[in-house]
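Work through the following exercises with the sequence and the structure side by side. Try each task before you read its solution.

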Amino acid sequence: MDAAYALGWTVVRKTPERAARLVFAALADRTWQRHGSGVRQLERNLCRVLGKDAVDDEIRVLSKKVLRSYFRYWLEVFRLPEYDRERIVGGMRVTGEKKIFSNLDAGRGVVLALPHMGNYEHAGAWLVHNGHPFTTVAERLKPESLYDRFVEFREGLGMEVLAHKGASAFGRMAQRLRAGRPVCLVVDRDLTATGVDVEFFGATARMPAVAAALALQTGAALIPVTLWYEGKYWAARVHEEVPVPGEGSRQEKIQAMTQETARVFQEGIAAHPEDWHMLQKVWVDDLAEARR
């Protein structure tokens, strides 16, 4: 697997872009046609989003669009180190970004909470090029060399990358937020088995509580962001800050803030389901079935 990613960051990034896009579109279609476990899970997830009881022709067409979007994301990940500032910043179509910059300019930290939508790597590079390097976390991939490759890629874009497990990562992110810096976290799927249950498209899903916990502990602004593609451009909407409830225990406040974040994600995903790259289990019923 590591060799495949190494090939991506060496050969794909130097291949003429038009040819590379044709190849990745063909790979997406081939993956969709094989209808493996990831694609089947994607279609179950899309049934939740569209309120359907079973996969039908509409879901199958939509899942093909998602695969095209997902493979576009990977193509751009491999090629992103070649993009200059003009393309990264000029190609973004962002609404509501003042909510981020006004807090940071005032010395207040910001937790940006994102789902697996569009190209969040590009959005991160956009934030860096706007003068705000940030801290994020990365899943510990196997083999270790693959994890190191992803860390090197993100650090090369100007990000500070921490391993996602452990109290030390939480503590370092809290330090950055208290210093008035941004932290960016992708939080629509729980990787730790310590997430909280939220209502999501009419059913119970499990999502990480870390974004809400950081905001509550440090006083940083918790701001959800949803992303999608608009033709050749990258688009993002910066939503309203998720407020801290005035009453309740710490855990109850974290629960409420995570639920509100999930509600915002739901709104963004419903508007752009073709750009939600979720080929894994999110809902509790699916997780319970996997455990059985």
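**Exercise 1: a residue in a helix**

Arg154 has a relative accessible area of 13%, so it is buried, where buried means under 20% relative accessible area, exposed over 50% and partly exposed in between, with a 1.4 Å probe and protein chains only. This is a predicted model, in which local features need pLDDT of at least 70 and side-chain atom pairs count only at pLDDT 80 or more, while totals for chains, interfaces and linings use all residues. Residues are numbered from 1 along each chain as its sequence is written, and side-chain values use heavy atoms, with hydrogens and water left out.

Task: state where Arg154 is found and what it is in contact with, leaving aside its neighbours within four places in sequence.

Solution: begin with the element, which is helix 8 (residues 144–156); helices (H or I, at least four residues) and strands (E, at least two) are DSSP runs, numbered from the N terminus. Then look for contacts, meaning heavy atoms within 4.5 Å: with those neighbours left aside, Arg154 is in contact with Glu121, Ala138, Met159 and Val161.

**Exercise 2: two packed helices**

Task: describe how helix 2 and helix 4 pack, using the angle and the distance between their axes.

Solution: the axes of helix 2 (residues 17–34) and helix 4 (residues 57–79) are 8 Å apart, and the helices pack at an angle of about 140°. Here axes are lines fitted to C-alpha atoms, for helices over the stretch in contact, and angles run from 0 to 180 degrees between N-to-C directions. That angle makes helix 2 oblique to helix 4, because angles under 35 degrees count as roughly parallel, over 145 as roughly antiparallel, 65 to 115 as roughly perpendicular and the rest as oblique. As a next step, sort the residues of this contact by class, which gives 11 nonpolar, two polar and nine charged; Ala, Val, Leu, Ile, Met, Phe, Trp, Tyr, Cys and Pro count as nonpolar, Asp, Glu, Lys and Arg as charged, and the others, Gly among them, as polar.

Finally, consider Ala26, whose place is in helix 2 and which is partly exposed, with a relative accessible area of 45%. Ala26 and Arg68 are 42 residues apart in sequence, yet 8.6 Å apart in space from C-alpha to C-alpha.

**Exercise 3: a hairpin**

Task: explain how strand 6 and strand 7 are joined, and which residue between them takes a positive phi.

Solution: strand 6 (residues 196–200) and strand 7 run antiparallel and are joined by five bridges; two strands pair if DSSP finds at least two bridges between them. Within this pairing, Phe200 stands opposite Ala203 in strand 7. The hairpin has two residues between the strands, and one of its residues, Phe201, takes a positive phi near 55°. Most residues other than glycine have a negative phi. At 14% relative accessibility, Phe201 counts as buried.

To finish, follow the side chains along strand 7 (residues 203–207), which alternate: Ala203, Ala205 and Met207 point to one face and are buried, while Thr204 and Arg206 point to the other and are not.

**Exercise 4: another positive phi**

Task: place His35 in the structure and decide whether it counts as buried, partly exposed or exposed.

Solution: His35 lies in the loop between helix 2 and helix 3 (37–50), and its phi is near 55°, a positive value in a residue other than glycine. At 26% relative accessibility, His35 counts as partly exposed.
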